[in-house]
Amino acid sequence: WTTEEEGALLDFLASHLSQASDGNFKKATWNAAAAHMAHNHPPIIVSFFFFALLTIIQLKKSYYTIADLKSVASGFAYDDKHGAMILLDNANLWDRYVKAHKDTKPFCNSGFPHFASVELLLPSHGRGQFI
């Protein structure tokens, strides 16, 4: 999926947040999301639920990776557009961090534009299986 398609899915889910229960959306919401995406972003793959779920799982994983990265106060200045902005003077520190936190590697100098959108969908009390 493109970044635009991911954003459209997140926007749709945010607009239906009241239908989420305990951090999870019901099948009816996913069916409505499939219809919305197929109408606004053709061609969307027929097995939408499977791919949407995989996309959401990956987005949540990226969100928690970035949340952990943002909590580290040892030389990283992170923003959602440019990533950790690693330069030569902190490259060694970054390399050591990545060895312990492998999921952070793509965010060296690339941001995560969906951070705020995913954060809006997550339950405040814990991590849900389907958001």
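# Exercises on a predicted helical model

Lys 60 is buried, with a relative accessible area of 8%, where buried means under 20% relative accessible area, exposed over 50% and partly exposed in between, for a 1.4 Å probe and protein chains only. This is a predicted model, in which local features need pLDDT of at least 70 and side-chain atom pairs count only at pLDDT 80 or more, while totals for chains, interfaces and linings use all residues. Residues are numbered from 1 along each chain as its sequence is written, and side-chain values use heavy atoms, with hydrogens and water left out.

## Exercise 1: Confidence and overall layout

Task: State the mean pLDDT of the protein, and describe its secondary structure.

Solution. Begin with pLDDT, the predictor's confidence in each residue, from 0 to 100. The mean pLDDT of the protein is 81, and 83% of its residues reach 70 or more. Among the elements, α4 has the highest mean, 89, and strand β1 (residues 20-21) the lowest, 79. This step comes before the others because predicted coordinates should not be read in detail where pLDDT is low.

Next, turn to the elements themselves, for which helices (H or I, at least four residues) and strands (E, at least two) are DSSP runs, numbered from the N terminus. The protein has five helices and two strands, and along the sequence they follow the pattern α-β-β-α-α-α-α.

Finally, consider the chain as a whole: of its 131 residues, 40% count as buried. Contact means heavy atoms within 4.5 Å, and among the contacts with a separation of 6 or more, 64% are between residues 24 or more positions apart.

## Exercise 2: The largest nonpolar core

Task: Find which residues of the largest nonpolar core touch the most other members, and which helix gives the most to this core.

Solution. A nonpolar core is a set of buried Ala, Val, Leu, Ile, Met, Phe, Trp, Tyr and Cys residues joined through side-chain atoms within 4.5 Å. The largest one holds 29 residues, of which Leu 9, Leu 13, Leu 69, Trp 94 and Phe 112 touch the most other members. At least two residues of this core come from each of α1 (3-15), α2 (27-40), α3 (48-71), α4 (91-100) and α5 (115-121), and α3 gives the most, with seven residues. As a general background, nonpolar side chains tend to be buried together in soluble globular proteins.

Now take one member and list its partners. When neighbours within four places in sequence are left aside, Phe 112 is in contact with Leu 59, Ser 62, Tyr 63, Ile 66, Tyr 78, Asp 80, Phe 107 and Val 118. Of these partners, Ser 62 is placed in helix α3 and counts as buried, at 9% relative accessibility. Seen from Ser 62, with residues up to four places away in sequence not counted, the residues touched are Phe 107 and Phe 112.

Close with Lys 60, which also lies in helix α3. Lys 60 and Val 118 are 58 residues apart in sequence, and their C-alpha atoms are 6.8 Å apart in space.

## Exercise 3: Charged pairs

Task: Say how many salt bridges a search of the whole structure finds, and locate the partners of the pair formed by Lys 61 and Asp 103.

Solution. A salt bridge is a side-chain nitrogen of Lys or Arg within 4 Å of a carboxyl oxygen of Asp or Glu. The search finds two salt bridges. In one of them, the side chains of Lys 61 and Asp 103 meet at 3.7 Å, N to O. Lys 61 lies in helix α3 and Asp 103 in the loop between α4 and α5, so the pair ties together parts that are 42 residues apart in sequence. Lys 61 is partly exposed at 40% relative accessible area, and Asp 103 is partly exposed at 39%.

The side chains of Asp 80 and Lys 70 also meet in a salt bridge, at 3.4 Å, N to O. Here Asp 80 is in the loop between α3 and α4 and Lys 70 in helix α3, 10 residues apart. Asp 80 counts as partly exposed at 27% relative accessibility, and Lys 70 is partly exposed at 37%.

## Exercise 4: A backbone angle

Task: Determine where Met 85 is placed, and what its phi is.

Solution. Met 85 is in the loop between α3 and α4, and at 32% relative accessibility it counts as partly exposed. Its phi is positive, about 50°, although Met 85 is not a glycine. For background, most residues other than glycine have a negative phi.
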